[in-house]
Amino acid sequence: MVQRNGKIVESRAIDTDRTRLLLGAAAVVGLTLLGSPALAQTQTAPSGNQPRPTQTGPSTGPASSAMAGAQQQLYTAAGQNGAQVSQDSFKGSIVEGKSTGTVMDLSLDDAIQRGLRNNLGIILQGASQRNANGQRLEELQALLPNVTGAASINVQQVNLAAYGLKFSGLNPIVGPFQVVDFRAYLTQNLFNLSALQNYLAAKHNFAAAKLTAADARDLVVLTVGNAYLVCVADSARIEAVTAELATSKVTLDQAVAAHDAGTSPKLDVLRAQVDYQNEQQTLISAKNQLAKDKLALARAIGLPLDQEYRPTDLTPYAAFGDVDPQASVDQALKTRKDLAASGEQLKAADAQKKSAWAYQLPVASFVGDFGDLGQTPGHSHSSYTATGQITAPILQIAKTRGQNEVAAASYEQARARLGDQAQQVNQDVRDAILDIQAAAKLVEATHSNVELANEALSEAQQRFKAGVSDNLPVSQAQSQTEQANDQYISALYQHNIAKLSLARALGAAQTNYKDYLGGK
């Protein structure tokens, strides 16, 4: 409502542009005939954000958001979208610092701490968490007052004859005239159950994102720990192959000396040379594999790839005590962050389901504005409007039913994922315990094999040196020794990674990995 010189001019919204222009022209004519200044509030909206009748339902944007889009945003923000964070993400990192040009010592703890700072998976998951918090704040705004301001100046000249208005003795050209408007607008949802449920869904989604980010730290410990243990195993393999190469050299020298003395055929020399060169090839391959695995570790923890380093923790065998599988499963179900995140996602899906149902309910809102209106800032007067309204959908059966079905389907998916996730946690714990038990037996058996193979090699070398037999048994014993060493190193690695996997399965990898690798 605008009051000017005791006269009240009321502007009402009409559906067609032609009708609005006609009313505007009529208002101008009325003011002219009354002798008032050429001042009227035209139907052209001032520049800036204007209040609009509040939409019924979710208030994410000018119009109600589609349920499918809302669900996609929820799962994306929770870090469950593979395009955001994948298992391969934990193999990368952001490089920290520059190469020192010297060989640095790298302990397992140092590697894990670097990974927790620089690993790409953690960085991407942290971004997903901030994204979820941003969506939560956006949904919260629909429940808070929304205040905007606008300033406009409108200059018009109207040709009444163009609209079929002809008055005898009246110039059909009205104007030019101007309107200056400075105004603040307030909108507030008084009752919007759908918007409230949308906010609760975003809140649960944010909680899920935080839990997923916490779980990502356990995944980093597992990834970095595995890469470090692989490098330790490679180093042990190089050490074993180097010892085998030295043994082959001794055997070759013995064969050459025996052949030169005429007590051994040329075949023994050739066989010893083949064994020696095989060990050389194995050593080259082992060193190359260690260099590649060290690059993979450096990439996971953010070390420059040209930085030379040596792993200092050898993580020797440490027996692991007996573990009750059911008690461990019960513990994991309480402590696993990814399982708790799935629970929060289920709550978010339930809130979205309620929001879809509440979309058909009325929405009560308040829209108001207050400002200064006139020909110029110096010739103006305050004006305001205050509107309370209730809006409700009347006939949109297909849309309402579609939103309910989409939300119900998303809820069922979230519930199924939660149930499967609980089973996955159960399996992870039991798999890790079985692997620990099997690897412990393998370590014991392969260690015995290494001792027996070394003894057999020593016996064969003594027999060849004494001239009792040729060096064929020596060659065979060397192959058996190499195989036994490889199996023993592999068993040690399997035992250590199984213990680290159990720590991850219990949700304690970041805090207690030292206890598990040390045997707990």
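# Exercises on a predicted model

In this predicted model, the count of salt bridges comes to 19.

**Exercise 1.** Determine which residue forms a salt bridge with Asp88, and classify both partners by accessibility.

*Solution.* Step 1: the partner of Asp88 is Lys91, and the closest N and O atoms of the two are 3.6 Å apart. Step 2: the cut-off for a salt bridge is 4 Å between a side-chain nitrogen of Lys or Arg and a carboxyl oxygen of Asp or Glu, and the 3.6 Å of this pair satisfies it. Step 3: Asp88 has a relative accessibility of 52%, so this residue is exposed, the class for values over 50%. Step 4: Lys91, at 48%, is partly exposed.

**Exercise 2.** Describe the salt bridges that Arg237 and Lys249 form in helix 5, giving the partner, the spacing in sequence and the accessibility of each residue.

*Solution.* Step 1: Arg237 pairs with Asp234, with 3.7 Å between the closest N and O atoms. Step 2: both residues belong to helix 5, which spans residues 193-260, and they are three residues apart, or about one turn of the helix. Step 3: Arg237 is partly exposed at 24% relative accessibility, whereas Asp234 is buried at 6%.

Step 4: Lys249 forms its salt bridge with Asp253, and here the closest N and O atoms are 2.8 Å apart. Step 5: these two residues also lie in helix 5, four residues apart, again about one turn. Step 6: Lys249 has a relative accessibility of 33% and is partly exposed; Asp253, at 39%, is partly exposed as well. As background, side chains of opposite charge can pair when their charged atoms come close.

**Exercise 3.** State which residues are linked with Asp215 in a network of salt bridges.

*Solution.* The network joins Asp215 with Arg336, Asp338, Asp428 and Arg504.

**Exercise 4.** Establish how strand 5 pairs with strand 4 and with strand 7, and give a residue pair for each.

*Solution.* Step 1: strand 5 covers residues 173-191 and strand 4 covers residues 146-159; the two pair in the antiparallel sense over 13 bridges. Step 2: within this pairing, Tyr185 of strand 5 is the bridge partner of Thr148. Step 3: strand 5 is also joined to strand 7, residues 363-376, by eleven bridges, and these two strands run antiparallel. Step 4: here Phe191 stands opposite Ala364 of strand 7.

**Exercise 5.** Characterise the surroundings of Gln188: its element, its accessibility, its polar contact and its contacts beyond the local sequence.

*Solution.* Step 1: Gln188 is located in strand 5. Step 2: its relative accessibility is 17%, which means that Gln188 is buried, since the limit for that class is under 20%. Step 3: a polar atom of the Gln188 side chain lies 3.3 Å from the backbone oxygen of Leu143. Step 4: once neighbours within four places in sequence are set aside, Gln188 is in contact with Leu143, Leu144, Pro145, Ser365 and Phe366. Step 5: of these, Ser365 and Phe366 fall within the residue range of strand 7, 363-376.

**Exercise 6.** Identify the residues that form a nonpolar surface patch with Ile394, and locate Ile394.

*Solution.* Step 1: the patch consists of Ile394, Leu395 and Ile397, which together have about 410 Å² of accessible area. Step 2: Ile394 is placed in the loop between strand 8 (379-391) and helix 9 (397-465). Step 3: Ile394 is exposed, with a relative accessible area of 82%.

Terms used
Residues numbered from 1 in each chain as written. Predicted model: local features only at pLDDT ≥ 70, side-chain atom pairs only at ≥ 80, totals over all residues. Heavy atoms only, no water. Pairing = 2+ DSSP bridges. Buried < 20%, exposed > 50% of the residue type's maximum accessible area, 1.4 Å probe, protein only. Patch = residues over 30% accessible without salt bridge, like charges linked within 9 Å, V, L, I, M, F, W, Y side chains within 5 Å. Areas by Shrake-Rupley, 256 points an atom, 1.4 Å probe, with all protein chains shown as cover. Polar contact = N/O pair within 3.5 Å; in protein donor to acceptor, adjacent residues only side chain to side chain. Contact = heavy atoms within 4.5 Å.
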